[in-house]
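Here are some notes to go with the model, written as numbered points. Have it open on your screen while you read.

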Amino acid sequence: MSRNAWKFLLVVFVVAWSLFELYPPKPRDLIQVFQQLAEAPDATFNEIVAKAQELQRQNSNQFLNLLTASGTNDLSRYFPDFRPEEADPDEVNRLILHRVQERAAGKIKLGLDLQGGVEFLVSMDASRLEDISDVAGARAQVIEVLRKRVDRFGVAEPIIKPIGQSDILIQLPGLSDAEKESARAQIQRTAFLEFRLVHPESDSLVRQAIIEPGYELKTERSRRKDPGAPRRTYLVSKKAERGLGGQHVAWSGVHLDPVTGQPRISVRFNSEGATLFGAVTRENVGRLMAIILDGELYSAPRINEPILGGNCEISGDFDIAEAATLANVLQNPLQAPVRIQQERSVDPSLGRDSIQSGITAAVVGVVAVAAFMLVYYLFAGLVANLALVLNIVILLGVLCSVGTTLTLPGIAGIVLTIGMAVDANVLIFERIREELAAGKSLRGAISAGYDRAFGTIFDSNLTTLIASVILIFMGTGPVKGFGVTLTIGVAASMFTALVVTRLIFDFLLNRGWLKRLPMLRLIGGTTINFLKVAKPAFILSWVLIVVGLAYGVYRGKEVFGVEFRGGDQLVVGFAQEVGVDQIRKTIEEMKIGDAIVGYNTDPATGRKTLGVTTEVGTGGKVLEELQKRFPDSKFERLALDQVGAVVGQEIQKSAVISVLLAMFGILLYVAFRYEFSFAIGAVVAIGHDILMTLGLYFLADRQLNATTVAAVLTIIGFSINDTIVIFDRIREDLKLGVRGSFLEVINKALNQTLSRTIITSGTVLIATGSLYIFGGGAINDFALAFLFGILTGTYSSVYIASALVLWWHRGERPKLGAGAEVQPVAGAAAARA
């Protein structure tokens, strides 16, 4: 079998596998899948489905509707393959429905910013553990408990995973505001349940203010309906009797008192707990037993007789919601308390707007880039566009295969990949054009074009991968998703550009169907002396950088977004606009610290929202106060980002380390592949691009956030990409012994790559421009920063990187051009040999 046949089979396999991984792309109706997967459905099953469909008219949560409709019916007889081997009988239906929900889920998983929901980053207090050496085991227990708690919400594919040493990330898509509040309460609730004995002389000792050793005073929690009602105080043992507590609870639920109608919590102990509870009640008949939950005394009932059945009841002044929450956390107690460090909340309506704007930006970007390639490169552009389509299919297939969640920055990564994917094709086509101009046959020109462009494509894409991989390992949340998308996109673009397009050209040549390869040429053979103005351009660049950074310093802490300095960033929808000064005055009267207030208009949807940034933990209070002061405005929360100061500092540290690592990695690679002076020029140019972008970003009155960091790291990849192409041509000309001084050689290389530079920068500008105009939200910040980066990166490749290499060698040709054979894979040492 020929080599091209193997390539063809490889392409077919990769594309077929990608399409398989993509299907079905969107989630299916859960109730319909429930019906399809059921075995031997009967009349009872049909009643369950009918009731679920009826409940669907009142509540859109299909999971909870099916669970409610199932009632006490055992679903395992309809789903025998889904029945868990070891599970509490009360949990079987819930676990089966989770399996059905997994089957109904689509392969493209949307992030919270696209479908709405809430995300918590919680930290575990390891100091409260009995065995502080087993932090990993305790965190695993906490994750399992939290998973059981959030399962109650019927969330499709919740994400609960460890982060760092003691943190846990929880993502719950598609929750309503009420469910978000309940989720927050259930996540933080430790549910530390204890059964302690009350001192036999409690009333007398309390009146005399005498506290005996081993005891402490506990007062009943206040009544919800009558907060002013008198509350009894008891002298309670400091320790649980025989260690009896939450760890012995097997099940808990809520029922209504048949006399008072008040909710009560029923508790059933496991076998060990039942034995202990029976012994305690048998030995202490007539005494009071205090029921302590999270340090609060809920009740102190009298033990009238031994309770040997392993059941007890907790009474208190609960409402139904509170009782349900307590019952859930009692059944799933934590070994160590957790605290929410960061919270992100997005309203589903804002998520739908984000999807629409992201799709619009992607479609506009793809169509614009494809149209340009088709018009400029004609038939070759058609081949490149086919590769572009396959690139998108492979990218989405791999994303689905590895289970990556698609976020708004992820869509930005796809659009950006589209713009950058044509770079390899442009390099190849421009090389083919040069070979044809040199008099080679079409077959020889295509072969030489691919061979000569390979080294440049490999180097430029590998340096981009250095930045994108760092985003994966150092980024957080959506930024990590952007890094994954960009990494896969770059790898896929290399495959389609080097394998797919070559395969098409070879096939057409072998069949004799391709006789010529016409292309438009907007830029002919130029002889511009670019470096003539290198020194004044170099000085002007750094002056502009100083001005921009100075303005950033002048703006102070306002230049940092919530993710960097900590705080609450609230996005609010409204029916009637209120003046910014009125809102700011209202917040000042609350005396909760400084606030940043402003209205924002989404360029994609035209939707206007109010943005309020306040101290951490105050966002909810601010919204309540605004709703109270301005009822006609009908303020409603669309999104909330809550970041603790510690997390903000960690994000700042991570951002700086990411940038430094990327620059160091590129320095090493360029020094290895080229020559040390080239590496210095490349890294200084990258530093220039970062500082220039930040300066312009500050002058545009934007705030630094996580997406800005993603933009900066992408700029690093783009900037070095352009620089590598120029350096590769300089090295090639030196190797070929092109006549003239080093200044003339560099200028010649710059003119030779001018067409490629303008076209690739232009296509990336088109794609990024569509993100800026149609993307909206966080994408808009990313796109603006990257637009600045494209311009400065293109500029710095000429007037910073190339100029520094010239000045480093004091205008003299470096040794690698003195007739030495420099192979594409040789390092600096080989070049000097």
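1. Is F574 buried, partly exposed or exposed? Keep in mind that this is a predicted model. F574 comes out as partly exposed, with a relative accessibility of 22%. Since buried means under 20%, F574 doesn't make that class at its 22%. Its ring partner F635 does: F635 is buried, at 4% relative accessible area.

2. Now for the pair itself. The rings of F574 and F635 meet edge-to-face, with 6.5 Å between the centres and 65 degrees between the planes. F574 sits in the loop between β15 (567-573) and α19 (580-590), while F635 is in the loop between α20 (619-629) and β18 (636-643), so this contact ties together parts that are 61 residues apart in sequence.

3. Over the whole model, the count is 25 aromatic pairs. One of them is F454 with F458, a stacked pair at 6.1 Å centre to centre and 25 degrees between the planes. Both residues belong to helix α15 (residues 442-474), where they are four residues apart, or about one turn of the helix. Each is partly exposed: F454 has 43% relative accessibility, and F458 has a relative accessible area of 35%.

4. There's also a ring cluster to look at: F34, F45, Y78, F79 and F82 are linked by ring pairs. Lysines join in with rings elsewhere. K107 has its charged end over the ring of F20, 5.6 Å from the centre, and K608 does likewise with Y599, at 5.3 Å.

5. What about empty space inside? Seven cavities of 30 Å³ or more turn up. The second largest holds about 80 Å³. Three helices, α14 (408-437), α15 and α16 (478-511), each supply at least two residues of its lining, and α14 gives the most, with five. So that you can find the place on screen, the lining residues include T417, D423, N461, S493 and N721.

6. The character of that lining is mixed. For the second largest cavity, four lining residues are nonpolar, six are polar and one is charged. M420, A421, A424 and V490 are among the residues that line it, as are T464 and G489.

7. Last, the cysteines. How many disulfides does a search of the whole structure find? Zero. Two cysteines to click on are C312, which is buried at 13% relative accessibility, and C400, also buried, with a relative accessible area of 12%.

Technical notes: Residues numbered from 1 in each chain as written. Predicted model: local features only at pLDDT ≥ 70, side-chain atom pairs only at ≥ 80, totals over all residues. Heavy atoms only, no water. Disulfide = S-S within 2.5 Å. Buried < 20%, exposed > 50% of the residue type's maximum accessible area, 1.4 Å probe, protein only. Phe/Tyr/Trp six-rings, centres within 6.5 Å; stacked < 30°, edge-to-face > 60°. Lys NZ or Arg CZ within 6 Å of the ring centre and 35° of its normal. 1 Å grid on protein atoms, 1.4 Å probe; cavity = no way out; pocket = protein on both sides within 12 Å on 5 of 7 lines; lining within 4 Å. Points joined across faces, edges and corners; volume = space filled by probe spheres on them. Nonpolar A, V, L, I, M, F, W, Y, C, P; charged D, E, K, R; others polar.
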